[in-house]
Amino acid sequence: MTRQAAVAVGLWAVLAGAVFSVTFDWQTRTAGLHFAAEQVRRHAAGLPVATINEGFRPLVRAAALRSSAWLGLILGTGVVATAVAVRTSKN
């Protein structure tokens with residue numbers, strides 16, 4: 001792999017990491033708000049509230065999976081695009 005290709009893949013990795021961070025943070029924030037609202041609703045209805053482990057952890061796990069899918073998609077696309085660009089530039 002040439003130095004330019006390595007830099008290109010590195011930049012794709014930085015972009016993928018940034019997208020993961022932003023999407024995961026946003027989804028975690030949304031999950032926290034949803035969890036808190038659900039606990040207030042349950043308390044007002046006289047129902048027992050859920051623990052963080054029962055109610056919040058599954059939401060965070062789902063957020064991590066969705067964000068990881070974006071990370072993989074962006075990084076995979078970047079690696080393939082870089083490989084195609086390197087191959088076509090040699091011809």
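**Entry: aromatic pairs**

I searched the whole structure, a predicted model, for aromatic pairs and obtained two.

I first examined F20 and F24. Their ring centres lie 5.6 Å apart and their planes meet at 5 degrees. Planes under 30 degrees apart count as stacked, so I recorded F20 and F24 as a stacked pair. I then looked up where the two residues sit. Both belong to helix 1, which covers residues 3-44. F20 and F24 are four residues apart there, so about one helical turn separates them.

Are these two rings buried or exposed? I found neither extreme: F20 has a relative accessibility of 25% and counts as partly exposed, and F24, with a relative accessible area of 21%, is partly exposed as well.

I next turned to F35 and F56. The centre-to-centre distance is 5.9 Å and the angle between the planes is 50 degrees. I noted this pair as tilted, because an angle that is neither under 30 nor over 60 degrees falls into that class.

Which parts of the chain does the pair of F35 and F56 tie together? I located F35 in helix 1. F56 lies in the loop between helix 2 (52-55) and helix 3 (57-90). The pair therefore ties together parts that are 21 residues apart in sequence. For F35 I also checked the accessibility: at 14% the residue counts as buried, since the cut-off for buried is under 20%.

**Entry: salt bridge**

I ran a search of the whole structure for salt bridges, and it gave one. The partners are R41 and E38, whose side chains meet at 2.6 Å, taken from N to O. I asked how many residues separate R41 and E38. They are three residues apart in helix 1, and so about one helical turn lies between them. I looked up the accessibility of both partners. R41 stands at 44% and counts as partly exposed; E38, at 26%, is also partly exposed.

**Entry: Q39**

I then inspected Q39, which is found in helix 1. Its relative accessibility is 12%. I entered Q39 as buried, because this value is under 20%. What does Q39 touch, once residues up to four places away in sequence are not counted? I found contacts with V49 and A50.

**Entry: review of helix 1**

I closed by collecting the helix 1 residues looked up above. Among them are the stacked F20 and F24, F35 with its partner F56 in the loop, the salt-bridged R41 and E38, and the buried Q39.

How values were computed: Residues are numbered from 1 along each chain as its sequence is written. This is a predicted model: local features need pLDDT of at least 70, side-chain atom pairs count only at pLDDT 80 or more; totals for chains, interfaces and linings use all residues. Side-chain values use heavy atoms; hydrogens and water are left out. Rings of Phe, Tyr and Trp (its six-membered ring) pair if their centres lie within 6.5 Å; planes under 30 degrees apart count as stacked, over 60 as edge-to-face and the rest as tilted. Helices (H or I, at least four residues) and strands (E, at least two) are DSSP runs, numbered from the N terminus. Buried means under 20% relative accessible area, exposed over 50%, partly exposed in between (1.4 Å probe, protein chains only). A salt bridge is a side-chain nitrogen of Lys or Arg within 4 Å of a carboxyl oxygen of Asp or Glu. Contact means heavy atoms within 4.5 Å.
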